[in-house]
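Got the model open? Let's go through it as a quick round of questions and answers.

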Amino acid sequence: MRRDLVERALDLARMLAALLPDDPGVLGLLALILLTDARRDTRLGTDGGLQLLAEQDRTQWDHAAIREGAELVRCALRHRPPGRFALMAAIAAVHSEAPTWDDTDWHEVVGLYDVLVQIWPSPVVALNRAVAVGFEQGPAAGLAALEPLTAEPQLAGYGYLAAARADFLRRLGRDAEARQAYEEALLMTENRAEQLFLAGRLAEITERNPA
């Protein structure tokens with residue numbers, strides 16, 4: 001992560017908010033940056049490996065930034081219809097305000113994605129929604145939600161789609177298909193931490209089922 005770029009983006013967003021204090025898009029953007037950056041110190045483990053949201057130590061999050069971001073989300077959502085930055089920030093707020101991973105309100109997350117995909121029909125948003133469905137309703141439902149996206153040209157070569165499929169297949173015990181999906185995801189990512197994580201998952205499956 002380029003810490004200098006994050007700090008510059010935050011400074012610019014604060015300047016915009018000072019100039020346009022009632023603009024819901026600006027408030028949503030500032031909230032999104034604050035809520036996303038609040039988790040920065042827990043994204044990587046001591047070994048440099050990727051830490052999933054479920055594994056992160058939430059006591060190490062920047063709770064002052066989370067409180068500020070959550071309040072900005074509430075202000076931004078008072079405007080109708082809600083903008084995409086406000087909705088994205090609202091999703092981040094649900095994750096940030098949950099005391100534990102198990103307390104995450106996945107029903108609310110999916111509902112927010114349902115609104116977001118209507119006003120911003122991005123394939124990446126649809127992918128994120130499918131992942132949320134998988135956590136709300138189970139891996140089979142998540143895999144079904146991902147299926148139409150495999151034919152989406154904009155997601156061709158997008159490693160997160162393959163990684164999401166791999167995780168759902170792993171959770172379903174479909175190891176042979178999961179192995180293939182993890183190998184595909186590995187070929188598509190250049191991020192070292194993500195490569196280490198995917199390789200670890202692949203090794204776990206191979207050890208469990210070497211055939």
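Q: Which elements give two or more residues to the lining of the second largest pocket?
A: Keep in mind that this is a predicted model. The lining of the second largest pocket is made of Ala70, Val73, Arg74, Leu77, Ala90, Ala93, Val94, Glu97, Glu108 and Leu112. Sorted by element, those giving two or more residues are α3, α4 and α5.

Q: How many charged residues are in the lining of the second largest pocket?
A: About 150 Å³ of space lies in this pocket. Its lining has seven nonpolar residues and no polar ones. That leaves the charged group, and the count there is three.

Q: Arg74 is in that lining too, so to speak of its contacts: which residue forms a salt bridge with Arg74?
A: The partner lies in helix α3 along with Arg74, three residues apart, about one turn of the helix. Arg74 is partly exposed at 43% relative accessible area, and the partner is also partly exposed, at 35%. The closest N and O atoms are 3.3 Å apart, and the residue is Glu71.

Q: How far apart in sequence are the parts tied together by Glu68 and Arg14?
A: The side chains of Glu68 and Arg14 meet in a salt bridge, 2.7 Å from N to O. Glu68 is partly exposed at 29% relative accessibility, and Arg14 is partly exposed at 35%. Glu68 sits in helix α3 and Arg14 in helix α1, so the pair links parts whose separation in sequence is 54 residues.

Q: Is Asp41 buried, partly exposed or exposed?
A: The side chain of Asp41 meets that of Arg40 in a salt bridge, at 4.0 Å from N to O. Arg40 has a relative accessible area of 27%, which makes it partly exposed. Asp41 has 59% relative accessibility, and with the cut-off for the top class at over 50%, Asp41 counts as exposed.

Q: How many salt bridges does a search of the whole structure find?
A: Some of them share partners: Arg3, Glu7, Asp37, Arg40 and Asp41 are joined into one network that way. Searching the whole structure gives a total of eleven.

Q: How much space lies in the largest pocket?
A: The lining takes in 50 residues, with Leu52, Leu53, Asn128, Tyr160 and Glu194 nearest the centre. Two or more residues each come from α2, α4, α5, α6, α8, α9 and α10. By type, the lining splits into 33 nonpolar, nine polar and eight charged residues. The space in this pocket is about 1,900 Å³.

Q: What is the omega of the peptide bond that joins Arg80 and Pro81?
A: Pro81 is in the loop between α3 and α4. As a rule, most peptide bonds are trans. The bond joining Arg80 and Pro81 is cis, with an omega of about -5°.

Q: Which residues make the nonpolar surface patch of about 290 Å²?
A: One of them, Leu20, is in the loop between α1 and α2. Leu20 is partly exposed at 41% relative accessible area, and patch residues need over 30%. The full set is Leu16, Leu19 and Leu20.

Q: How far apart in space are Ala166 and Leu143, C-alpha to C-alpha?
A: Ala166 is in helix α8. With 0% relative accessibility, Ala166 is buried. In sequence, Ala166 and Leu143 are 23 residues apart, while in space the C-alpha to C-alpha distance is 9.3 Å.

Definitions and conventions:
Residues numbered from 1 in each chain as written. Predicted model: local features only at pLDDT ≥ 70, side-chain atom pairs only at ≥ 80, totals over all residues. Heavy atoms only, no water. Patch = residues over 30% accessible without salt bridge, like charges linked within 9 Å, V, L, I, M, F, W, Y side chains within 5 Å. Areas by Shrake-Rupley, 256 points an atom, 1.4 Å probe, with all protein chains shown as cover. Helix = DSSP H or I, 4+ residues; strand = E, 2+ residues; numbered from the N terminus. Buried < 20%, exposed > 50% of the residue type's maximum accessible area, 1.4 Å probe, protein only. 1 Å grid on protein atoms, 1.4 Å probe; cavity = no way out; pocket = protein on both sides within 12 Å on 5 of 7 lines; lining within 4 Å. Points joined across faces, edges and corners; volume = space filled by probe spheres on them. Nonpolar A, V, L, I, M, F, W, Y, C, P; charged D, E, K, R; others polar.
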